[in-house]
Structure formats: C-alpha cells, structure tokens
Amino acid sequence: MATATRRCAECDAEFAWTSRNPTRRFCAPGCRARWWRAQQLRAAEAPEPAEVQYAAEPGAGLGAFHECPSCGEHLTVINLLIPDAR
C-alpha cells in the first residue's frame, strides 16, 4: 500500500494519503462537513440566473439588434437566405 502526503481541501493541513483511499480530500470528517456546509451556503447565496429568452421579439427583422442571453452584450443578428441551386 503506497502512502504520500496531501493538503486538506478545507484547512490546508497535511495528512497521510494511502492508495487504499485515493480520492480522499480532507484530513478529518469535521473538515469535510465544514467544506460541505460552505458549499451549500454559497449555492444558496448565488443569484438566480436571468430568464433566457431565445426567440426574437415580434417585429424584430433582418439585422435587428439583440442581446446575448448569457452576458447581455448587444449584438446584431444577420440572416442570410441562399437560394437552392437546383
């Protein structure tokens, strides 16, 4: 069984890691619990994502101005119509 040292993901203390438990990230169960609670609090405090609207507003035609649904940056959508060459 191989052993090495790792840093705890919560308190940054060194702990002995073994090949028996290769996914171990925390030095103690208390550190794991503190990390989990902190993650839950961050998720609860995160702002709600804005409602994404992918369809253009009625009356928005060719070359109309739109906003990116992710970042809100203004952009121009250009539609091209290519005739069938049959």
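This passage describes the fold, the nonpolar core and the cysteines of a predicted model.

The protein chain contains one helix and four strands, arranged from the N terminus in the order β-β-α-β-β. Of its 86 residues, 8% are buried. Contacts that reach far along the sequence make up a small share: among those between residues at least 6 apart in the protein chain, 3% join residues at least 24 apart.

The N-terminal part of the chain offers a convenient place to start. Strand β1, residues 3-7, runs antiparallel to strand β2, residues 14-18, and five bridges join the two. Within this pairing, T3 stands opposite T18 of β2. Six residues lie between the strands of the hairpin, and one of them, D12, takes a positive phi near 65 degrees. D12 adopts this positive phi although it is not a glycine. The residue belongs to the loop between β1 and β2, and D12 counts as partly exposed because its relative accessibility is 47%.

Attention turns next to the nonpolar core. The largest one is made of five residues, namely C8, F15, W17, F26 and C31. Two of its members, C8 and F26, can be followed in some detail. C8 is buried, with 4% of relative accessible area. Beyond its neighbours within four places in sequence, C8 is in contact with A13, F15, R25, F26, C27 and C31. The contacts of C8 thus include the core residues F15, F26 and C31.

F26 is found in the loop between β2 and helix α1, which spans 29-45. At 11% relative accessibility, F26 is also buried. Leaving out residues up to four places away in sequence, F26 touches C8, A9, E10, F15, C31, R32 and W35. One of these partners, A9, is 17 residues from F26 along the chain, yet the C-alpha atoms of the two are separated by 5.8 Å.

W35, another partner of F26, brings in the aromatic side of the picture. Across the whole structure, the search finds one aromatic pair. It is formed by F26 and W35, whose ring centres are 5.5 Å apart; the ring planes meet at 50 degrees, so the pair is classed as tilted. While F26 is buried, W35 counts as partly exposed, at 23% relative accessibility. The face of W35 also has a charged neighbour: R25 lies over it, at 4.9 Å from the ring centre. R25 is in turn one of the residues in contact with C8.

What, then, of the cysteines? A disulfide is a covalent bond between the sulfur atoms of two cysteines. With a cut-off of 2.5 Å between sulfur atoms, the count of disulfides in the model comes to zero. C8 takes part in no disulfide, and the nearest cysteine sulfur to its own, that of C11, is 3.7 Å away. For C11, the closest cysteine sulfur is that of C27, at 3.6 Å, which is too far for a bond. The surroundings of C8 and C11 can be set side by side: C8 is buried at 4%, whereas C11 counts as partly exposed, at 39% relative accessibility.

Taken together, these details meet at F26, a buried residue in the loop between β2 and α1 that belongs to the largest nonpolar core and pairs with W35 in a tilted arrangement.

Key: Residues are numbered from 1 along each chain as its sequence is written. This is a predicted model: local features need pLDDT of at least 70, side-chain atom pairs count only at pLDDT 80 or more; totals for chains, interfaces and linings use all residues. Side-chain values use heavy atoms; hydrogens and water are left out. Rings of Phe, Tyr and Trp (its six-membered ring) pair if their centres lie within 6.5 Å; planes under 30 degrees apart count as stacked, over 60 as edge-to-face and the rest as tilted. Buried means under 20% relative accessible area, exposed over 50%, partly exposed in between (1.4 Å probe, protein chains only). A charge sits over a ring if NZ of Lys or CZ of Arg is within 6 Å of the ring centre and within 35 degrees of the ring normal. A nonpolar core is a set of buried Ala, Val, Leu, Ile, Met, Phe, Trp, Tyr and Cys residues joined through side-chain atoms within 4.5 Å. Contact means heavy atoms within 4.5 Å. Two strands pair if DSSP finds at least two bridges between them.
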